[in-house]
Amino acid sequence: MLVGECGVARVEADGKGTTIDARTLWWQDGVLYQAYPRSFMDATGDGVGDLPGIIERLEHLAWLGVDGVWLNPITPSPNADWGYDVSDYTDVDPELGTLQDLDRLVTEAARRGIRILLDLVPNHTSDRHPWFVDSRSSRTSAHRDWYVWADPKPDGSPPNNWLSVFGGPAWTVDEPTGQYYLHNFLPEQPDLNWWKEDVRDAFDAILRFWFDRGVAGFRIDVAHAIVKDQALRDNLPATEDDHPRIRDLGQRQVYNMHRPEVHDVLRRWRRIADAYDPQRILVGETWELDVSKLPAYYGASEDELHLAFNFPFATQPFQTEPLRQIVEETEAQIGLRGWPVWTASNHDIGRLATRWCGGDERRIRAALMLLLTLRGTPFLYAGDEIGLPDAILERGQLRDPVGIRHWPTNPGRDGCRTPMPWTEGPGAGFTRSDAEPWLPIVRPAGGAVETQRNDPASVLSLARSLIALRRERPDLSRGPYRALPSPPGTWLFGRGARTMVLLALGDRGARVDLPHGGTVVGATDPERIGARADGPTAIRAWEGLIVAT
Ligand code: NOJ
């Protein structure tokens with residue numbers, strides 16, 4: 001790993017195209033941002049966000065200071081699972097734009113120093129993908145074994161006990177050919193057979209297709225689950241000692257996911273990325289419940305993923321102790337072998353403003369400070385920067401198959417997929433004022449982007465200033481994490497030699513003895529910026545300070 005070989009950390013646009021400094025490991029120094037294309041900006045006025053819309057809003061992203069944007073799937077899809085059921089891996093869904101729009105987005109983003117990452121969905125295709133249409137057409141079709149097919153048990157039941165993430169058995173019988181096919185998600189999302197060399201070759205070509213168009217990398221959907229046990233063995237029953245999520249499911253998913261064989265595929269993709277340049281990256285959706293499982297995804301010789309999402313962190317309660325524990329465990333586990341990732345929101349788990357903060361602005365500010373001061377790459381989800389909450393939707397407003405299937409016990413994921421509110425007027429600057437947005441628009445307490453942009457005390461201004469501070473102070477991007485003693489409920493850590501971060505993620509404040517004095521260079525309460533912090537320093541409940549010497 002090239003940590004420490006820090007080149008020029010920022011990009012100068014020269015108006016002629018990409019001028020990004022090749023020496024910089026931008027994905028370590030930078031801040032990444034997830035945009036859900038259908039909900040970011042609608043340029044065509046049909047109520048659905050699109051690529052031209054993202055281009056229109058690049059100015060916001062450049063102003064905010066982000067370095068890369070991960071787009072949820074933009075490839076053609078029948079939308080059984082909103083893009084995660086791909087029917088063509090090398091085109092753009094007409095509802096979202098064209099390949100030319102994508103090219104223009106890559107170029108326009110680069111001019112502003114921003115790189116574009118796409119979502120790669122290799123675990124499964126749409127059931128309407130020509131590969132699956134052919135696969136199910138007969139037992140002897142050319143693509144039959146591109147998917148996972150198996151005979152029923154003698155009583156006609158599914159071949160084994162694997163369960164779908166979205167509920168029910170992971171198998172659906174195909175009556176005409178008399179076999180079951182595997183789907184770890186919806187029946188409309190048949191799992192590919194990654195034991196088949198042709199599947200691997202096909203994906204090599206897909207990666208190259210997009211890399212050739214200039215994308216900076218991929219977020220890899222269900223990166224922990226692509227390869228299945230070849231013998232299709234039954235998953236093991238859950239025990240009382242298992243994580244609550246495993247107990248709820250009733251089984252340990254040891255054969256339909258989390259297989260060691262996935263690492264061959266990740267190494268293969270890393271070789272492809274590296275053959276372009278060291279700035280192309282692979283980010284895995286590595287849904288592991290235990291931080292100790294993450295190092296493997298970076299590879300024994302840093303030859304797999306560049307970044308692996310840390311769900312144990314994201315799923316902790318927003319309190320000092322559990323978060324400090326996970327952060328320090330992460331540091332211990334992957335600190336020197338890989339580069340951590342910090343995120344607290346996405347289009348599946350919900351938005352930090354609601355999930356972690358219950359809509360409380362003090363907490364939202366502290367959450368942003370935590371994400372943007374830890375050692376590693378922060379990912380913000382569109383809306384985090386304005387404290388956008390999850391929407392509470394009526395049954396009739398749902399679009400997510402999970403919510404539609406499991407309402408009301410599980411309302412699904414639409415609440416965290418609502419459109420970005422850019423302005424206060426009708427359509428929120430997201431769509432035309434007379435258009436019906438594909439999901440209802442909600443606004444945060446502090447107002448839409450335009451309102452917060454003009455308020456130096458807004459959540460948006462805080463997010464922007466924290467991103468700027470990270471860029472100005474290499475301690476905050478590169479400096480080692482150092483645990484420092486502080487009273488219960490507070491969290492004091494050093495970054496590099498000259499920067500300290502003090503947080504109180506809880507209902508109690510305290511006086512904290514700083515090991516050395518300094519100046520407050522960042523604060524959740526802007527009034528504290530510029531103050532001297534020496535010796536015992538008061539921190540209020542849900543407050544954060546960055547002190548530099
Ligand atoms: C993870 C994606 O983030 C989620 O939205 C999707 O439903 C599943 N993978 C299946 O692709």
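Q: Two strands pair if DSSP finds at least two bridges between them. With that in hand for this predicted model, which residue of strand 13 stands opposite Gln 34?
A: Let's start with the strands themselves: strand 1 covers residues 32-35 and strand 13 covers residues 377-381. They run parallel and are joined by three bridges, and a pair needs at least two. Look across from Gln 34 and, in strand 13, you'll find Tyr 381.

Q: In what order do the eight strands of the open sheet lie?
A: Strands of a sheet pair through backbone hydrogen bonds, either parallel or antiparallel. Here the pairing is parallel. The edges are strand 11 (307-308) and strand 12 (341-342), each pairing on one side only. Reading across the eight strands of this open sheet, you get 11-10-7-3-2-1-13-12.

Q: What angle does the direction of helix 9 make with that of strand 10?
A: Helix 9, residues 262-276, packs on the sheet. It touches strand 3 (115-120), strand 7 (217-220) and strand 10 (281-284). Compare its direction with that of strand 10 and the angle is about 150°.

Q: Is strand 16 largely enclosed or exposed?
A: Try checking one side and then the other. On one side Thr 499, Val 501 and Leu 503 are buried, and on the other Met 500, Leu 502 and Ala 504 are buried too. That's six of the six residues, so the rest of the structure leaves strand 16 largely enclosed.

Q: Which residue of strand 21 is the bridge partner of Val 501?
A: Strand 16 pairs antiparallel with strand 15 (residues 490-495) through six bridges, and there Trp 491 has Leu 503 as its partner. Strand 16 also pairs with strand 21 (residues 544-548), again in the antiparallel sense, over five bridges. In strand 21, the partner of Val 501 is Ile 546.

Q: Which residue in the turn between strand 15 and strand 16 has a positive phi?
A: These two strands form a hairpin, with three residues between them. Pick out the turn residue whose phi is about 65°, and you land on Gly 496.

Q: Why do Phe 318 and Trp 356 count as a stacked pair, and how many residues apart in sequence are the parts they tie together?
A: Their ring centres are 4.8 Å apart and their planes meet at 20°, under the 30 degree cut-off, so the pair is stacked. Both residues are buried. Phe 318 lies in the loop between helix 11 and helix 12, and Trp 356 in the loop between helix 13 and helix 14, so the sequence separation of the parts they tie together is 38 residues.

Key. Residues numbered from 1 in each chain as written. Predicted model: local features only at pLDDT ≥ 70, side-chain atom pairs only at ≥ 80, totals over all residues. Heavy atoms only, no water. Phe/Tyr/Trp six-rings, centres within 6.5 Å; stacked < 30°, edge-to-face > 60°. Helix = DSSP H or I, 4+ residues; strand = E, 2+ residues; numbered from the N terminus. Buried < 20%, exposed > 50% of the residue type's maximum accessible area, 1.4 Å probe, protein only. Contact = heavy atoms within 4.5 Å. Axes fitted to C-alpha atoms, helices over the stretch in contact; angles between N-to-C directions.
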